[in-house]
Amino acid sequence: MNELALMAWALAAITAVAMLRVAISSRGERTWRRALLGAGQIALAALLWCVLVPPSQPGRSGALVLLTEGADTDALESAPGDRVLSLPGAPAFEGAEPVPDLGTALRRHPDARPVRVLGHGLAARDRDAARGLGFGFVPAPLPETLVALSRPDTIVRGRRFELAGRITGHAGGEVELLDPAGERIDRAALDAAGGFRLTGVAGPAGAADYRLQWRREGDDDDAGGIALPLRATEGAPLRVLVLAGGASPELKYLRRWALDGGLALGSQLRLGAGIVLGDDRAALTAARLAELDLVVIDERAWRALGAGGQATLRDAVRDGLGLMLRLGDDPNAAERRVLADWGFTVTPADVPRGLRLPGTAQADAATPGTDDAEARATDAAPLLSRRPLQLAAADGAPLATGDQGEVVGLWRPEGRGRIALWTLSDTFRLALAGRQAAYGSLWSQAFGTLARARGEPAMAVPAQAWTEERSALCGVTDDTRLIDPAGETIALAPDPATGAAACAAFWPTRAGWHLRRDGEREQAFLVRAPAEAPGLHAAQRQQETAALAGRAAAGESTPAPVPGPRWPWVLAWLLLAGGLWWFERSRRGRAPPNGVG
């Protein structure tokens with residue numbers, strides 16, 4: 001029962017007692033006097049209710065303008081009657097009333113409508129008060145820096161990872177991903193909206209400070225940058241087996257890259273007549289294939305397997321194994337029928353045998369000031385060789401493409417696994433031409449796409465968390481612990497309203513890697529200080545504020561009703577109470593004494 005209901009019941013009880021007293025004390029008196037005293041008690045109760053809960057009246061006109069961080073005060077125009085308030089972090093504005101939060105602003109000015117929010121939006125502490133408010137939001141221009149970033153919370157040593165984002169004010173420029181040593185890993189041009197996509201291969205396990213750096217179009221000087229902490233884990237190394245019909249430079253460089261990246265790679269050279277060389281000479285039985293994540297096989301080794309071996313390999317793919325078939329020769333009619341049964345259409349095509357891959361025009365960064373650095377910076381992208389074949393599949397997707405969009409690698413799903421055809425034969429030329437990053441990215445993407453899916457799903461952690469602001473963890477249990485970079489445990493505040501999602505709020509105070517621990521499982525996530533990434537912080541505020549903004553247009557001027565003044569009702573109650581007091585003590589309407597008159 002709420003407060004108003006309790007007040008109503010209490011007032012009704014007091015009125016009933018008062019009327020009972022009047023009925024008892026006025027026995028034998030005239031009927032009109034008794035009725036007047038009873039009506040007076042009811043009137044007193046009604047006036048007292050109006051004192052406690054004044055009737056509403058139309059609110060006064062005028063909007064409630066809330067300035068937040070980043071608001072453009074120079075362009076602010078307020079109409080007569082508007083109230084301008086500034087939330088913490090808002091720029092100074094003459095005449096603005098400072099308030100600590102949105103709830104305080106609404107309590108101080110309950111009659112001001114509509115509500116308009118200007119700037120980068122509401123902080124987490126204010127968004128709860130804004131739910132259902134129906135306010136208008138006028139976002140400020142975002143700063144010319146990184147405003148969107150999609151990155152993995154953790155990466156696995158030796159595996160490919162991908163970043164995507166947007167940088168405002170630098171369309172047509174370029175962005176680079178630098179490793180902890182300052183060496184460039186990848187470079188991309190910014191599109192018309194400032195968007196970009198970069199890839200890299202994770203280094204040794206542990207936290208490492210990568211960096212994003214960008215420059216404007218036609219400008220050699222860096223225009224800005226941001227630290228990009230990433231955390232690599234050992235993970236379970238990919239178990240890869242390479243089957244080939246003989247040794248080749250391609251196999252040599254592929255082995256070197258795989259071993260440097262921490263992959264568990266074995267190889268077999270099937271030379272015919274039952275001769276098998278290599279460091280993994282186990283027979284390709286179903287049990288052996290179940291232990292692998294990916295098999296890379298060339299056309300000679302594939303032919304040597306025969307129909308039985310190929311069937312065993314396909315069954316393993318259906319159980320989750322990844323398979324890459326490298327085509328160095330044109331398949332004959334029988335082999336094309338087998339590939340068609342596997343879901344691929346392979347036909348000879350009149351296409352150039354040489355092509356270049358996108359993203360390979362620029363060599364890896366060398367030591368500044370050396371002749372080698374200058375020479376390599378002017379090298380052209382290496383020309384690679386491919387088999388002139390056209391690859392197609394009804395449910396296929398490109399695994400690799402040339403710089404003109406030519407499909408040189410195609411994969412399709414098969415059961416729980418994936419099968420790919422690959423027509424490049426000398427990708428090692430990338431490494432020889434100083435494009436080790438592009439070489440690693442090419443094979444890391446291919447292996448990551450095809451390999452058997454393993455491991456438990458990651459625990460839920462915030463995509464972006466900020467110091468001194470509320471964040472939330474979901475799927476929380478009694479065993480969940482949250483540890484900050486100093487090793488201290490952060491208190492979690494469960495939110496019963498989230499129900500089965502089991503979310504809990506927390507307020508981080510330190511920037512850096514935080515660790516969610518559920519029993520023996522752990523998941524790291526990054527907490528930033530807003531000053532470290534002002535563009536990301538502003539963009540997130542704007543997105544979350546816009547999601548809460550109501551449909552009411554900023555120009556609406558219908559004020560909300562507000563409680564009326566109390567003083568008229570207090571005055572009326574006092575006058576009526578005084579009149580009833582006098583009337584009770586007067587002789588009017590009383591029975592004459594001793595029956596006389």
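Begin the tour by selecting Gly306, which lies in helix α7, the run of residues 299–318. The model on screen is a predicted one, and in it Gly306 counts as partly exposed because its relative accessible area is 24%, where buried would require under 20% and exposed over 50%. Keep Gly306 selected and add Trp567, which is 261 residues away along the chain; the C-alpha atoms of Gly306 and Trp567 are separated by 100 Å.

Next, move to a pair of helices. Select α5, residues 249–260, together with α11, residues 436–450, and view how they pack at an angle of about 80° with their axes 11 Å apart. The two helices are therefore roughly perpendicular to each other, since angles of 65 to 115 degrees fall in that class. To display the contact itself, show Glu250, Tyr253, Leu254 and Trp257 on the α5 side, and Tyr439, Gly440, Trp443, Ser444 and Phe447 on the α11 side. Sorted by class, the residues in this contact of α5 with α11 are six nonpolar, two polar and one charged.

Stay with these helices and turn to the rings. Across the whole structure a search finds seven aromatic pairs. One of them joins Trp257 and Phe447, whose ring centres are 5.5 Å apart and whose planes stand at 75°, so that the pair is edge-to-face. Because Trp257 belongs to helix α5 and Phe447 to helix α11, the pair ties together parts that are 190 residues apart in sequence. Both Trp257 and Phe447 are buried. Extend the selection to Trp422 and Trp443, and you will have the cluster that ring pairs form from Trp257, Trp422, Trp443 and Phe447.

While α5 is still in view, select Arg256 and Tyr253: the charged end of Arg256 sits over the ring of Tyr253, 5.0 Å from the centre of that ring. A further example of this arrangement is found by selecting Arg231 and Trp513, where the charged end of Arg231 sits over the Trp513 ring at 5.8 Å from its centre.

For the last stop, select Phe506 and Phe525. Are these two residues buried or exposed? Phe506 counts as buried because its relative accessibility is 0%, and Phe525 is likewise buried, with a relative accessible area of 0%. Their ring centres lie 6.1 Å apart with the planes at 65°, so this pair too is edge-to-face. The pair links distant parts of the chain, with Phe506 in strand β31 (residues 504–506) and Phe525 in strand β33 (residues 521–528), 19 residues apart.

Technical notes
Residues are numbered from 1 along each chain as its sequence is written. This is a predicted model: local features need pLDDT of at least 70, side-chain atom pairs count only at pLDDT 80 or more; totals for chains, interfaces and linings use all residues. Side-chain values use heavy atoms; hydrogens and water are left out. Axes are lines fitted to C-alpha atoms, for helices over the stretch in contact, and angles run from 0 to 180 degrees between N-to-C directions. Helices (H or I, at least four residues) and strands (E, at least two) are DSSP runs, numbered from the N terminus. Angles under 35 degrees count as roughly parallel, over 145 as roughly antiparallel, 65 to 115 as roughly perpendicular and the rest as oblique. Contact means heavy atoms within 4.5 Å. Ala, Val, Leu, Ile, Met, Phe, Trp, Tyr, Cys and Pro count as nonpolar, Asp, Glu, Lys and Arg as charged, and the others, Gly among them, as polar. Rings of Phe, Tyr and Trp (its six-membered ring) pair if their centres lie within 6.5 Å; planes under 30 degrees apart count as stacked, over 60 as edge-to-face and the rest as tilted. Buried means under 20% relative accessible area, exposed over 50%, partly exposed in between (1.4 Å probe, protein chains only). A charge sits over a ring if NZ of Lys or CZ of Arg is within 6 Å of the ring centre and within 35 degrees of the ring normal.
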